[in-house]
Amino acid sequence: MRVTKPRRNASTRRALVSDRVNELNDVVSSTGDDPELDALVCRLHEESACRRGGALALRRRDLDRTQCTILLREKGETERWQPVSPTLMRHLIAHFVGRRWRR
């Protein structure tokens with residue numbers, strides 16, 4: 001039998017307005033135990049729209065400096081190459097080098 005699907009409610013997801021993003025970045029980069037890392041993670045999420053798991057799974061070998069892309073491994077075992085800005089790429093590499101990440 002054909003049964004009609006219930007109507008979905010309209011999504012309540014909305015992008016943050018730029019003032020809120022600026023406020024968030026100010027707080028993140030000036031508080032906490034590791035403001036430099038916190039600011040880098042926020043920038044990564046802003047530019048790539050990656051999920052939390054994608055950020056946590058990021059490895060040094062997932063950074064392609066020549067193409068300015070990062071390999072994100074996310075939910076459902078999906079993988080995607082995501083372009084990022086040269087500035088973010090530079091900071092990600094500096095983070096891995098500075099903290100002696102080997103993976």
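**Exercise 1. List the residues that Leu-88 touches, leaving out those up to four places away in sequence, then place Leu-88 in a nonpolar core.**

Step 1. Leu-88 touches Leu-40, Arg-43, Leu-44 and Glu-47; contact here means heavy atoms within 4.5 Å. Before going on: this is a predicted model, where local features need pLDDT of at least 70 and side-chain atom pairs count only at pLDDT 80 or more, while totals for chains, interfaces and linings use all residues. Residues are numbered from 1 along each chain as its sequence is written, and side-chain values use heavy atoms, with hydrogens and water left out.

Step 2. The largest nonpolar core has 15 residues, and Leu-88 is among those with the most contacts inside it, together with Leu-44, Leu-58, Leu-63, Ile-70, Met-89 and Leu-92. Such a core is a set of buried Ala, Val, Leu, Ile, Met, Phe, Trp, Tyr and Cys residues joined through side-chain atoms within 4.5 Å.

Step 3. Two or more residues of this core come from each of H2, S2 and helix H4 (86-98), with H4 giving the largest share, five residues. Helices (H or I, at least four residues) and strands (E, at least two) are DSSP runs, numbered from the N terminus.

**Exercise 2. Work out whether Ser-48 is buried or exposed, and find what its side chain reaches.**

Step 1. Ser-48 lies in helix H2.

Step 2. Ser-48 is buried, because its relative accessible area is 3%. The cut-offs are under 20% for buried, over 50% for exposed and in between for partly exposed (1.4 Å probe, protein chains only).

Step 3. The Ser-48 side chain gets to the backbone oxygen of Leu-44 at 2.7 Å. Setting aside neighbours within four places in sequence, Ser-48 also has contacts with Ile-70, Leu-72, Arg-80 and Gln-82.

**Exercise 3. Track down the polar partners of Arg-73.**

Step 1. Look in strand S2 (residues 69-74) for Arg-73. Its relative accessibility is 18%, so Arg-73 counts as buried.

Step 2. The side chain of Arg-73 makes a polar contact with the side chain of Asp-62 at 2.5 Å. That term covers a pair of N or O atoms within 3.5 Å; within protein, one must be able to donate a hydrogen and the other to accept it, and residues adjacent in sequence count only if both atoms are side-chain atoms.

Step 3. A polar atom of the Arg-73 side chain also lies 2.3 Å from the backbone oxygen of Ala-57.

Step 4. Beyond four places in sequence, the contacts of Arg-73 include Gly-53, Gly-54, Leu-58, Arg-59, Thr-78 and Glu-79.

**Exercise 4. For Ala-49 and Glu-77, give phi and say where each sits.**

Step 1. Recall that most residues other than glycine have a negative phi.

Step 2. Ala-49 has a positive phi, near 55 degrees. You'll find Ala-49 in the loop between helix H2 (35-48) and helix H3 (52-56), and at a relative accessible area of 61% Ala-49 is exposed.

Step 3. Glu-77 has a phi near 55 degrees, also positive. Glu-77 sits in the loop between S2 and strand S3 (78-83), and with 78% relative accessibility it counts as exposed.

**Exercise 5. Find the separation between the C-alpha atoms of Glu-23 and Arg-99.**

Step 1. Start from Glu-23 in helix H1 (residues 18-28); at 43% relative accessibility, Glu-23 is partly exposed.

Step 2. Arg-99 is 76 residues apart from Glu-23 along the chain, and their C-alpha atoms are separated by 27 Å.
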